[in-house]
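Colleague: I have a model open and would like to look closely at one part of it. Could you walk me through that part and then show me how it sits in its surroundings?

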Amino acid sequence: MMMDFQLHPRLAEDCFEIGRLTLSRLLMMNDSQFPWFILVPERAEIREIHELAVDDRMQLMHESCCLAEALNALYQPDKLNIAAIGNLVPQLHLHHV
């Protein structure tokens with residue numbers, strides 16, 4: 001983990017920290033309607049996936065796929081939505097809903 005990484009205050013306020021993976025923090029959104037998880041790569045000042053180093057991009061995709069597989073096994077959804085939207089939080093984070 002980079003020492004200057006700080007979780008965006010909005011994510012810290014809206015989520016519970018579930019754990020840490022090799023690259024990312026795993027958060028769960030405080031929303032009882034849906035199982036809603038967020039991966040946040042622990043890299044400072046990163047806003048977009050393409051800004052990550054190549055190895056970090058690959059690790060993020062690996063972590064995202066592992067999370068998606070676990071969510072599919074647990075919840076058996078009709079569709080799993082994965083998105084890197086940053087309309088409120090500019091820090092790179094991947095939603096898994």
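Modeller: Happy to, and let's take helix 2, keeping in mind that this is a predicted model. The buried residues of helix 2 are Asp 56, Leu 60, Glu 63, Ser 64, Leu 67, Ala 68 and Leu 71. These residues lie on the same side of helix 2, because the arc they cover around the axis is only 140°. The general rule behind such a pattern is that an α-helix has 3.6 residues a turn, so residues three or four places apart point the same way. On the face turned away from the buried side of helix 2 you will find the exposed residues Asp 55, Met 58, Glu 69 and Ala 73.

As for its dimensions, helix 2 runs over residues 54-75, which makes 22 residues. From first C-alpha to last, helix 2 reaches 31 Å, close to the 32 Å expected at 1.5 Å a residue. Just after helix 2 comes Gln 76, with a positive phi of about 45°.

What lies over the buried side? The cover on the buried residues of helix 2 includes strand 2, strand 3, strand 4 and strand 5. These strands belong to an open sheet of five, ordered 1-2-3-5-4, with antiparallel pairing. Strand 1 (15-20) and strand 4 (82-83) are at the edges with a single partner strand each, so one side of each has no neighbour in the sheet.

Following the sheet from strand 1, a hairpin of three residues leads into strand 2. The two strands run antiparallel and are joined by five bridges; among the facing residues, Cys 15 is opposite Met 29 and Gly 19 is opposite Leu 26. Strand 2 itself is mostly covered, with five of its six residues buried. Five bridges also join strand 2 to strand 3 (residues 37-41), again in an antiparallel arrangement, and here Ser 24 has Pro 41 as its bridge partner.

Both Ser 24 and Pro 41 are in contact with Leu 60 of helix 2. Setting aside neighbours within four places in sequence, the other contacts of Leu 60 are Leu 23, Leu 39, Ile 49, Leu 52, Leu 92 and Leu 94. Leu 60 also stands out in the largest nonpolar core, which has 13 residues: together with Leu 39 and Leu 67, Leu 60 has the most contacts inside that core. Strand 3 and helix 2 are the elements that give two or more residues to this core, and the largest share, four residues, comes from helix 2. Another core, of nine residues, lies apart from it and includes Phe 5, Leu 7, Cys 15 and Leu 27.

One last stop is the loop between strand 4 and strand 5, where His 93 has its place. With a relative accessibility of 3%, His 93 counts as buried. A polar atom of the His 93 side chain lies 2.6 Å from the backbone oxygen of Gln 91, and the side chains of His 93 and His 95 share a polar contact of 3.1 Å. Not counting residues up to four places away in sequence, His 93 touches Leu 11, Ile 38, Leu 39, Val 40, Ala 83, Ala 84, Ile 85 and Gly 86. Leu 39 brings us back to helix 2, since that residue is also in contact with Leu 60.

Definitions and conventions: Residues numbered from 1 in each chain as written. Predicted model: local features only at pLDDT ≥ 70, side-chain atom pairs only at ≥ 80, totals over all residues. Heavy atoms only, no water. Pairing = 2+ DSSP bridges. Buried < 20%, exposed > 50% of the residue type's maximum accessible area, 1.4 Å probe, protein only. Expected span 1.5 Å × (residues − 1). Arc of directions from axis to C-beta. Contact = heavy atoms within 4.5 Å. Polar contact = N/O pair within 3.5 Å; in protein donor to acceptor, adjacent residues only side chain to side chain. Core = buried A, V, L, I, M, F, W, Y, C linked by side-chain atoms within 4.5 Å.
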